[in-house]
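Subject: Structure for your review

Dear colleague,

Please find below the structure that I am handing over to you. I should be grateful if you would look through it alongside the notes that come after it.

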Amino acid sequence: MLNRFVSRALLGALLVFAVGPTRAADTAAVKEKAEVCSGCHGENGLSQTENIPSLAGQLDQFIQWQLVFFRAGARKNEQMQPIVEQLSNEDIRDLGAYFAALPPFKGTKDDNPDLSEKGKQAAAGRRCASCHTDTFVGTKAVARIAGQREEYLVKALHDYKSGVRSGGAQAAMADVAYPLSDEEITALAHYLAHL
């Protein structure tokens, strides 16, 4: 069953990415398409909702891949499913480019530097930078995690650890998250959110 979802997701991704590199879309039309996203992901892609990620400044290819995974059913979310089912490949390319072009959240002042230091150590120990880059801003289809909502990072790490989240880098992230203690997850999320 999972193989069927992965195959559908990969086929969908091939169709989405077949057009080539990121392109500039009609900003007004894309902004209108993105309006439905703002209900959960916030105005200008900056989430104000608990456990909902910010999309502003997220990498174009990462957003596209996640939308393909949702659309194919390889990644599940009750709120996302009915929205992504309506998206064309062009919509997915446009939304990826749109959110990638928005300025990301500027982190808040770190209110617990000791916790951040523990998170920094956990990030180094789990080699997070090997995929997410030294500044944790991601690359290509790997997520930007610097400045992401703290509680969302905690949720995502727990979802990877428990196997609830699939699609994309699930295998790599499950290997990283599985051995993390709850304390390490809390510290890691705090550190990354305040970068």
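The notes below set out what was found, beginning with confidence and fold and then turning to two helices and a pocket.

Please bear in mind that this is a predicted model. The average pLDDT of the protein chain is 87, and 84% of the residues score at least 70. Residues 2-24 are the stretch to treat with care: the pLDDT is below 50 there, although the stretch has 34 contacts in the model beyond near neighbours in sequence. Where pLDDT is low, the predicted coordinates should not be read in detail.

As regards the fold, the protein chain contains 10 helices and zero strands. Its pattern along the sequence is accordingly written α-α-α-α-α-α-α-α-α-α. Of the 195 residues in the protein chain, 42% are buried. Among contacts with a separation of 6 or more, 72% join residues that are 24 or more positions apart.

Helix 3 covers residues 60-72, and its 13 residues should span 18 Å because each residue contributes 1.5 Å; the end C-alpha atoms are 18 Å apart, which agrees. This helix is mostly covered, with 10 of its 13 residues buried. The buried residues include the aromatic positions Phe62, Phe69 and Phe70, and Asp60, Gln64 and Gln66 are also on the list. The others are Ile63, Leu67, Val68 and Ala72. Just after helix 3 comes glycine 73, which takes a positive phi of about 85°.

Helix 10 can be checked in the same manner. At 1.5 Å a residue, the 12 residues from 182 to 193 should span 16 Å, and the end C-alpha atoms are 16 Å apart, so the expected and modelled spans agree. The buried residues of helix 10 are Ile185, Ala187, Leu188, Ala189, His190, Tyr191, Leu192 and Ala193. Helix 6 (113-125) and helix 8 (150-162) are among the elements that cover these buried residues.

Finally, there is the second largest pocket, which holds about 190 Å³ of space. It is lined by 13 residues, and those closest to its centre are Phe105, Gly147, Gln148, Arg149 and Glu150. What is the make-up of this lining by class? Seven of the lining residues are polar, three are nonpolar and three are charged.

With kind regards

Technical notes. Residues are numbered from 1 along each chain as its sequence is written. This is a predicted model: local features need pLDDT of at least 70, side-chain atom pairs count only at pLDDT 80 or more; totals for chains, interfaces and linings use all residues. Side-chain values use heavy atoms; hydrogens and water are left out. pLDDT is the predictor's confidence in each residue, from 0 to 100. Contact means heavy atoms within 4.5 Å. On a 1 Å grid over the protein atoms alone, a cavity is a set of points where a 1.4 Å probe fits but cannot get out, and a pocket is an open set with protein on both sides within 12 Å along at least five of seven lines; lining residues have an atom within 4 Å of a point. Grid points are joined across faces, edges and corners, and a volume is the space filled by probe spheres set on the points. Ala, Val, Leu, Ile, Met, Phe, Trp, Tyr, Cys and Pro count as nonpolar, Asp, Glu, Lys and Arg as charged, and the others, Gly among them, as polar. Helices (H or I, at least four residues) and strands (E, at least two) are DSSP runs, numbered from the N terminus. The expected span of a helix is 1.5 Å times one less than its number of residues. Buried means under 20% relative accessible area, exposed over 50%, partly exposed in between (1.4 Å probe, protein chains only).
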